Structure formats: C-alpha cells, structure tokens
Amino acid sequence: MLQIRYYEDSEFEVDDYNEYFVNAECTPVLYEEKFIPVRCKNCGRWFIMKNTTFSHFCKRLISSNPPKTCRDHAMSHNFKEKLKSDPIWEIYNRGYKQHYARFMKGKMTKAEFSEWGEYAIELRTKAADGELELEEYQRLIRI
Ligand SMILES: [Zn+2]
C-alpha cells in the first residue's frame, strides 16, 4: 500500500520510492507540478519536493521534544559550520573565550564582562555589515 503524507506547503514524503514511481496514476501529475524526488541526506528516506523549495533534507520529525525535523537539524548544523568557517564569528568566539577567562580569573568584574559582551556584539555586527575592516575588528575586540 502506497503511503503518502502531505505537508502544508505541499511537500510530501513517500515510504517507498520505487513503489511510488511505478504508480502510473500519480507520476504524471507529479512531473506536471514539477515535484522532484529527493533522498534525505540525514535519514536516507525519500521525499517529494516542489522544485521551488530546494533542500536535501526532509521534514520528518526526528525528535518530538522540542519538535525537530531533518531539515531543522540540517539548519542548526549549517549554523555550527558557519561558526567554524566565518572569520568574523571566529574572531568573536576567540575574543569571547579570552574575556570569559579573564572574568573567571577575577581580572574582570561581571559588569565589565557583560559590558564587553555588548561592545563585542556591536563590533561583530559592524564587521558583518562591512562597516569595519577585519583587522581593525580583530584589534578592537581584544580590548
Ligand atoms: Zn530526513
């Protein structure tokens, strides 16, 4: 028995790709609507997706508390990747660790540390917007 579950935004999942695509009744409809079959890179199961919302990840729930789908998982993964590869974030993280260490050693008060936090976010935003040169940003964030 063919199992298709529809999503609100008209993506849907299929439990068996082959079974689905030998089904002559629904295949032409799919191609007409420009739906494409994609294998989820997280769970490895097939889903059908509208070609306007391209993603390699399905929207099956992989955990319920908090509700999280393969696609949510991929997005938070991308965010972590961004932290690793984006120099602006890297500099910020390094600065944060430095200042946190100072605070832990008692060389900075809690008020000073939180003040620095606001200052650092401001710098990071400026750097991300291109208002601040990377070298200048790196210098200022250490202060
Ligand atoms: Zn998935």
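The following paragraphs describe the fold of this chain and the packing of three of its helices, as seen in a predicted model.

The chain contains six helices and six strands. Read from the N terminus, these elements follow the order β-β-α-α-β-β-β-β-α-α-α-α. Of the 143 residues in the chain, 14% are buried. Among contacts between residues at least 6 apart in sequence, 33% join residues at least 24 apart.

A convenient place to begin is helix α4, which covers residues 87–104. Its 18 residues should span 26 Å at 1.5 Å a residue, and the 25 Å between its end C-alpha atoms agrees with that. Ile91, Tyr92, Gly95 and His99 are buried in this helix. These residues cover an arc of only 100 degrees around the axis, which puts them on the same side of α4. There they pack against α5 and α6. The other side of α4 carries the exposed residues Lys97, Ala101 and Met104. Just after the helix, Gly106 adopts a positive phi of about 85 degrees.

Helix α5 (residues 110–128) packs with α4 at an angle of about 170 degrees, the two axes lying 11 Å apart. The angle makes α4 roughly antiparallel to α5. On the α4 side, the contact is formed by Ile88, Tyr92, Gly95, Tyr96, His99 and Phe103, which meet Lys110, Phe113, Trp116, Ala120, Arg124, Ala127 and Ala128 of α5. By class, the residues of this contact divide into nine nonpolar, two polar and two charged. Tyr92 and Gly95 belong both to this contact and to the buried residues of α4.

Turning to α5 itself, the helix has 19 residues and reaches 27 Å from its first C-alpha to its last, close to the 27 Å expected. Its buried residues are Trp116, Ala120, Leu123, Arg124 and Ala127. Viewed down the axis of α5, they fall within an arc of 100 degrees, so they line one face of the helix. The cover over these residues includes α4 and α6. Facing away from the buried side are the exposed residues Ala111, Ser114, Glu115, Glu118, Ile121, Glu122 and Thr125.

Ile121 deserves a brief word of its own. This residue of helix α5 is exposed because 12 other C-beta atoms lie within 10 Å, and a residue counts as exposed at 12 or fewer. In sequence, Ile121 is 29 residues from Tyr92, while their C-alpha atoms are 8.0 Å apart in space.

The partner of α5 toward the C terminus is α6, made up of residues 134–141. The axes of α5 and α6 come within 10 Å and cross at roughly 175 degrees, which makes α5 roughly antiparallel to α6. Here Ala120, Leu123 and Ala127 of α5 meet Leu134, Tyr137, Leu140 and Ile141 of α6. This contact has seven nonpolar residues, with no polar and no charged ones. Ala120 and Ala127 also take part in the contact with α4.

Some backbone details complete the picture. Gly130, just after α5, takes a positive phi of about 80 degrees. Elsewhere, the peptide bond from Asn65 to Pro66 is cis, with omega near 0 degrees. Pro66 sits in the loop between β5 (61–64) and β6 (67–69). For context, most residues other than glycine have a negative phi, and most peptide bonds are trans.

Notes:
Residues are numbered from 1 along each chain as its sequence is written. This is a predicted model: local features need pLDDT of at least 70, side-chain atom pairs count only at pLDDT 80 or more; totals for chains, interfaces and linings use all residues. Helices (H or I, at least four residues) and strands (E, at least two) are DSSP runs, numbered from the N terminus. A residue is buried if 20 or more other C-beta atoms lie within 10 Å of its own, exposed if 12 or fewer, and partly exposed in between; C-beta atoms are placed from the backbone. Two residues are in contact if their C-beta atoms, placed from the backbone, lie within 7 Å. Axes are lines fitted to C-alpha atoms, for helices over the stretch in contact, and angles run from 0 to 180 degrees between N-to-C directions. Angles under 35 degrees count as roughly parallel, over 145 as roughly antiparallel, 65 to 115 as roughly perpendicular and the rest as oblique. Ala, Val, Leu, Ile, Met, Phe, Trp, Tyr, Cys and Pro count as nonpolar, Asp, Glu, Lys and Arg as charged, and the others, Gly among them, as polar. The expected span of a helix is 1.5 Å times one less than its number of residues. The arc is that of the directions from the helix axis to the C-beta atoms.
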